[in-house]
Each structure stands twice: as structure tokens, then as C-alpha cells.
Amino acid sequence: STCNREAPSVEEASRQFADTAQFFGVAWYGDADSYAGFVGKHGLTFPQIDDTAGEVFARFGVPSQPALVIVRPDGQVEQYLGAVEPEQLEELLSGA
């Protein structure tokens with residue numbers, strides 16, 4: 001799945017930009033075991049949120065996974081639907 005392809009690049013970015021950005025994974029579909037399996041499979045070290053109720057997704061208007069939401073320091077919200085390629089993620093986070 002695209003989430004499986006994207007997860008390693010998000011983990012890498014979470015380490016690369018640890019001093020400038022806070023990452024959270026938000027799981028929407030599945031159960032605790034499938035969430036834990038996904039986190040373990042990809043070695044994700046950033047915090048994970050179980051959003052089975054869909055509240056986080058609703059707050060940011062995200063209709064499906066995978067998706068990326070960036071909340072800038074000034075409160076501006078940027079939403080990207082679908083998998084984000086590693087180069088695009090780096091560009092978004094570096095402010096290029």
C-alpha cells in the first residue's frame with residue numbers, strides 16, 4: 001500500500017527535522033494490533049495517535065489515508081492527500 005511505501009521516508013524525515021518539526025502518526029482504520037504491527041514493521045519512533053473515532057481526520061478535513069497535514073508555526077494548515085514522495089516531504093519541511 002502507499003502507506004507502507006511512505007512510512008520509511010516519514011520516519012527518516014522525523015529524524016532529519018527533529019529540531020524543527022514535531023511528527024505524529026494518525027491511524028484511522030484498523031485495530032490496536034494492526035496499528036502496533038505497522039509501527040513495528042516500519043520502526044516508527046515518533047508518537048502515534050489512534051483516531052478510530054475520526055476526530056483528528058475531521059479536524060483537518062482529511063477524507064482518507066495516506067495524507068499529510070502540516071501545521072505551520074503561524075497556524076497555517078497545509079493538506080496533502082495521497083502519498084508524499086521523500087523529495088517532496090523534504091522540500092516542504094525545509095521551507096524550500
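This is a short walk through one predicted protein model, from its overall layout down to a few side-chain pairs.

Okay, ground rules before anything else. Residues are numbered from 1 along each chain as its sequence is written, and because the model is predicted, local features need pLDDT of at least 70, side-chain atom pairs count only at pLDDT 80 or more, and totals for chains, interfaces and linings use all residues. Side-chain values use heavy atoms, with hydrogens and water left out.

So, the big picture. The protein has four helices and four strands. Those are DSSP runs numbered from the N terminus, H or I of at least four residues for helices and E of at least two for strands. Reading from the N terminus, the order is α-β-α-β-α-β-β-α.

How does the radius of gyration fit with a compact globule? It agrees: for 96 residues a compact globule would come out near 12 Å, and the protein has 13 Å. That radius is taken over C-alpha atoms, and the globule rule is 2.2 Å times the number of residues to the power 0.38. Along the principal axes, the C-alpha atoms fill a box of roughly 35 × 25 × 20 Å.

Buried residues make up 29% of the 96. Buried here means under 20% relative accessible area, exposed means over 50%, and partly exposed is in between, with a 1.4 Å probe and protein chains only. And of the contacts with a separation of 6 or more, 49% are between residues 24 or more positions apart; contact means heavy atoms within 4.5 Å.

Let's start at helix α1, residues 2-16, where you'll find Ser14. Ser14 is buried, at 10% relative accessible area. What does Ser14 touch, leaving aside neighbours within four places in sequence? Phe23, Thr45 and Phe46.

Two of those names come straight back, since the structure holds one aromatic pair. Phe23 and Phe46 form that pair, tilted, at 6.0 Å centre to centre and with 50° between the planes. For the record, rings of Phe, Tyr and Trp (its six-membered ring) pair if their centres lie within 6.5 Å; planes under 30 degrees apart are stacked, over 60 edge-to-face, and the rest tilted. The pair links distant parts of the chain: Phe23 is in the loop between α1 and β1 (25-27), Phe46 is in the loop between α2 (32-42) and β2 (48-50), and they are 23 residues apart. Both Phe23 and Phe46 are buried.

Still on α2, His42 lies in that helix and is buried, at 15%. Its C-alpha atom is 9.8 Å from that of Ser9, which is 33 residues away along the chain.

Now charges. There are two salt bridges in the structure, meaning a side-chain nitrogen of Lys or Arg within 4 Å of a carboxyl oxygen of Asp or Glu. One joins Glu11 and Arg15, at 2.6 Å, N to O. These two are four residues apart in helix α1, so about one helical turn separates them. Buried or exposed? Glu11 is buried at 5%, while Arg15 is exposed at 54%.

Arg72 and Glu78 also meet in a salt bridge, at 2.9 Å, N to O. Arg72 is partly exposed at 22%, and Glu78 is buried at 16%.

Glu78 takes us to the hairpin. Strand β3 (residues 67-71) and strand β4 (residues 77-81) pair in the antiparallel sense over five bridges; for strands to pair, DSSP has to find at least two bridges between them. Glu78 in β4 is the bridge partner of Ile70. Five residues sit between the strands of this hairpin, and Gly75 there takes a positive phi near 95°.

One general reminder: most residues other than glycine have a negative phi, and most peptide bonds are trans. On that second point, look at Gln65 to Pro66, where the peptide bond is cis, with omega near -5°. Pro66 is in the loop between α3 (55-59) and β3.

Last stop, α3 itself. Glu55 lies in this helix and is exposed, at 59%. The C-alpha atoms of Glu55 and Trp28 are separated by 9.4 Å, with their positions 27 residues apart along the chain. Finally, Arg59 lies over the face of Phe60, 4.7 Å from the ring centre. The cut-off there is NZ of Lys or CZ of Arg within 6 Å of the ring centre and within 35 degrees of the ring normal.
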